[in-house]
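Hi there,

Here is the structure I promised to pass on to you. Have a look at it first, and then read on for my notes.

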Amino acid sequence: MGRVVMPECQGYPQLAELVRGCPGSDAIEVFTDPYATPSQLAERIRGARTVLHFFHGRPLDTGVLLAERPREVVVAGPVGRAVDTEAARSAGIAVYETPGLAADSVAEFTLTLLLQLAHRVPTAVGSAPDWRPSAGRQLSGRLLGVVGWGRIGSRVARLAQGIGMRVAAWSPSLDEDTARAAGVAFMPLDTLLSSADAVSLHLRATPRNREIVDARRLALLGPRALLVNTARASLIDMAELRRRLTAGLLGGVALDVFDIEPLPAEDLLRNHPGALVTPHMAWMTDDAVGRFLAGAVAFATSGDLGAGPVRRVV
């Protein structure tokens, strides 16, 4: 079968323990401590057929990868920036990923942000010395606009329906029949933005989707509308978002993704009373990470694409 190695366990708490809990992990040489230098990484993967890597760890060093040339790299999670895929392609190194397995976790987190924003929980936590509560907003009966109808967007819609919200949706591939079958209203994007009490974004980051919610579309949102983004910051004109929030032209924003990460301490989003910000953590549950790892380990140790939800990228 050839040697399978995971050169470090970085990017998530207790990652090594979660790897060891996967069936078949005893066939993987797992290094729990981080490598200190590229040469140490090279030593660890030298002669390996397969390199197993966690997507949220630091990217694999491209120079080392090209010098050592394993047959394949298997990324636990979406490949993202974890591997230079073009360099791997040029060197004939196959790259695999286990994407889409955090959909439930991200959907739950999205609804959590929306609920906290609507009920003004962040302003009440710790509260001021006078212990004065803040009046929130009930979401039941209000309209949620879901932008992007994939694994996550469709799950968010179901969760929102579960607390009594009405749901409308738009996505490039969504049609009226599919929407109707899910119990949601299909709306053109501009209509959705101007009609919804709250909007949640779930599109991929593509050139076509870059700033799809631009200044014109942000202006379609009413002054009490809530906007949630757990997808990609590039979907929004972030400069205009900051301007409108400062001017009191939005009801509130909840963001887990940003144009600058980590978000600088002086950024107005950090302390604005209408903003709820979290450090890109929607996917972070043991359940999701366990699924990422289980799929990657199953494929890395068997070579069978049917062994887990694995997709070849290169």
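To start with a small puzzle: which residue in S11 is the bridge partner of Asn229? It is Leu255. Please keep in mind throughout that this is a predicted model.

That bridge belongs to the pairing of strand S10 (residues 226-229) with strand S11 (residues 252-255); the two run parallel and are joined by 4 bridges. Both strands are part of an open sheet of 7 strands with parallel pairing, and the order across the sheet is S8-S7-S6-S9-S10-S11-S12. At the edges you will find strand S8 (185-186) and strand S12 (275-277); each has a single partner strand, so one side of each has no neighbour in the sheet.

The side chains of S11 are worth a look too. Gly252 and Ala254 point one way from the strand, while Val253 and Leu255 point the other way, and all of them are buried.

Next, the helices on this sheet. Helix H5 (residues 103-118) lies across strand S6 (143-147), strand S9 (198-201), S10, S11 and S12, and runs at about 150° to S10. Helix H11 (residues 238-246) also packs on the sheet, where it touches S10, S11 and S12, and its direction makes about 140° with that of S11.

While you are looking at H11, do stop at Glu240, which has its place in this helix. Is Glu240 buried or exposed? With a relative accessibility of 13%, Glu240 counts as buried, because the limit is under 20%. The side chain of Glu240 makes a polar contact of 3.0 Å with the side chain of Arg243. Leaving aside residues up to four places away in sequence, Glu240 touches Ala215 and Leu218.

Now for the aromatic residues. Searching the whole structure turns up 6 aromatic pairs. One of them is Tyr12 with Trp283, a tilted pair at 6.0 Å centre to centre with 45° between the planes. Tyr12 lies in the loop between strand S1 (4-6) and helix H1 (15-20), and Trp283 in the loop between S12 and helix H13 (286-302), so this pair ties together parts that are 271 residues apart in sequence. Tyr12 is buried at a relative accessible area of 12%, and Trp283 is buried as well, at 8%.

Phe55 and Phe292 make an edge-to-face pair, because their planes are at 70°; the ring centres are 5.4 Å apart. Phe55 sits in the loop between strand S3 (50-54) and helix H3 (62-68), and Phe292 in helix H13, so here the parts tied together are 237 residues apart in sequence. Phe55 counts as buried at 16% relative accessibility, and Phe292 is buried with a relative accessible area of 2%.

These four residues join up with Phe54: Tyr12, Phe54, Phe55, Trp283 and Phe292 form one aromatic cluster.

Finally, one ring with a charge over it: the charged end of Arg58 sits over the ring of Tyr35, 3.8 Å from the ring centre.

Enjoy exploring it!

Best wishes

Notes: Residues numbered from 1 in each chain as written. Predicted model: local features only at pLDDT ≥ 70, side-chain atom pairs only at ≥ 80, totals over all residues. Heavy atoms only, no water. Pairing = 2+ DSSP bridges. Contact = heavy atoms within 4.5 Å. Axes fitted to C-alpha atoms, helices over the stretch in contact; angles between N-to-C directions. Phe/Tyr/Trp six-rings, centres within 6.5 Å; stacked < 30°, edge-to-face > 60°. Buried < 20%, exposed > 50% of the residue type's maximum accessible area, 1.4 Å probe, protein only. Lys NZ or Arg CZ within 6 Å of the ring centre and 35° of its normal. Polar contact = N/O pair within 3.5 Å; in protein donor to acceptor, adjacent residues only side chain to side chain.
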